[in-house]
Each structure stands twice: as structure tokens, then as C-alpha cells.
Amino acid sequence: MTLTEMSLCYARTAALLQRRIQSLRAQEPEDPEAAFHLHRRISELTPLLREARALAALTEHYYDRSFYGYEQYRL
């Protein structure tokens, strides 16, 4: 698998995570405990979404000489 193909996988994963987060935000549970668990699930998925987007951009532009982004992933 090439980095370009990996980039597409990360982008698809980010899109799925975004849709899931949107669907969870659309829910309005009446039970306070269910609301807590819903907000907790959203807060757990949000960093995964951020990471998937960052990795999609990184792997897409990995071989571009002009790309200097994402210092956190550099060795």
C-alpha cells in the first residue's frame, strides 16, 4: 500500500467519524446518565477524527518537498 492509498483510507475514516459524531450530536437523550455517556462518546471520537484528518494530509503530501506541516509526526 502506498502513502497515497493510505491517505485515502485516512480520509474515508475521517468522513465516517465525522458522520458518526454528527449523528450522536443529533440525539437528545432525556436520561442524564445517557446524556453523559453520549457526550463522553463524542469526546472520545473527536481526537480520533482530528488525528485521521492530520494523517490524511500528512500521507497525501509526504513526498512534496514544499510541505513542511505536522512537525509532531517528524522524526
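This is a short talk on the core, the first helix and the salt bridges of one structure.

Hi everyone, thanks for coming. Before we start, please keep in mind that this is a predicted model.

Let's begin with the inside. Which residues make up the largest nonpolar core? There are nine of them: Ala 14, Leu 17, Ile 21, Leu 24, Leu 38, Ile 42, Leu 45, Leu 49 and Ala 52. Helix 1, running 3–26, and helix 2, running 32–60, each supply at least two residues of this core. Helix 2 gives the most, with five residues.

If you'd like one residue to click on, try Leu 17. Setting aside neighbours within four places in sequence, Leu 17 is in contact with Leu 45, Leu 48, Leu 49 and Ala 52. Of those partners, Leu 45, Leu 49 and Ala 52 are themselves listed in the core.

Now, helix 1 by itself. How far apart are its end C-alpha atoms? They are 34 Å apart, and that agrees with the expected span, because 24 residues at 1.5 Å a residue should also give 34 Å. The buried residues of this helix are Ser 7, Ala 14, Leu 17, Ile 21 and Leu 24. Ala 14, Leu 17, Ile 21 and Leu 24 are the ones we just met in the core. What covers the buried residues of helix 1 includes helix 2.

The spacing in that list brings to mind a familiar rule. An α-helix has 3.6 residues a turn, so residues three or four places apart point the same way.

On to the charged side chains. How many salt bridges does a search of the whole structure find? The search finds two. In one, Arg 40 pairs with Glu 44, with the closest N and O atoms 3.3 Å apart. Both residues lie in helix 2, four residues apart, which is about one turn of the helix. In the other, the side chains of Arg 41 and Glu 44 meet at 3.6 Å, N to O. Arg 41 and Glu 44 are separated by about one helical turn, because they are three residues apart in helix 2. Glu 44 takes part in both pairs, and Arg 40, Arg 41 and Glu 44 are linked in a network of salt bridges.

Are these three buried or exposed? Each falls in between: Arg 40 is partly exposed, with a relative accessible area of 46%. Arg 41 is partly exposed too, at 41%, and Glu 44 is partly exposed at 37%.

That's my tour, and I'm happy to take questions!

How values were computed:
Residues are numbered from 1 along each chain as its sequence is written. This is a predicted model: local features need pLDDT of at least 70, side-chain atom pairs count only at pLDDT 80 or more; totals for chains, interfaces and linings use all residues. Side-chain values use heavy atoms; hydrogens and water are left out. A nonpolar core is a set of buried Ala, Val, Leu, Ile, Met, Phe, Trp, Tyr and Cys residues joined through side-chain atoms within 4.5 Å. Buried means under 20% relative accessible area, exposed over 50%, partly exposed in between (1.4 Å probe, protein chains only). Contact means heavy atoms within 4.5 Å. The expected span of a helix is 1.5 Å times one less than its number of residues. A salt bridge is a side-chain nitrogen of Lys or Arg within 4 Å of a carboxyl oxygen of Asp or Glu.
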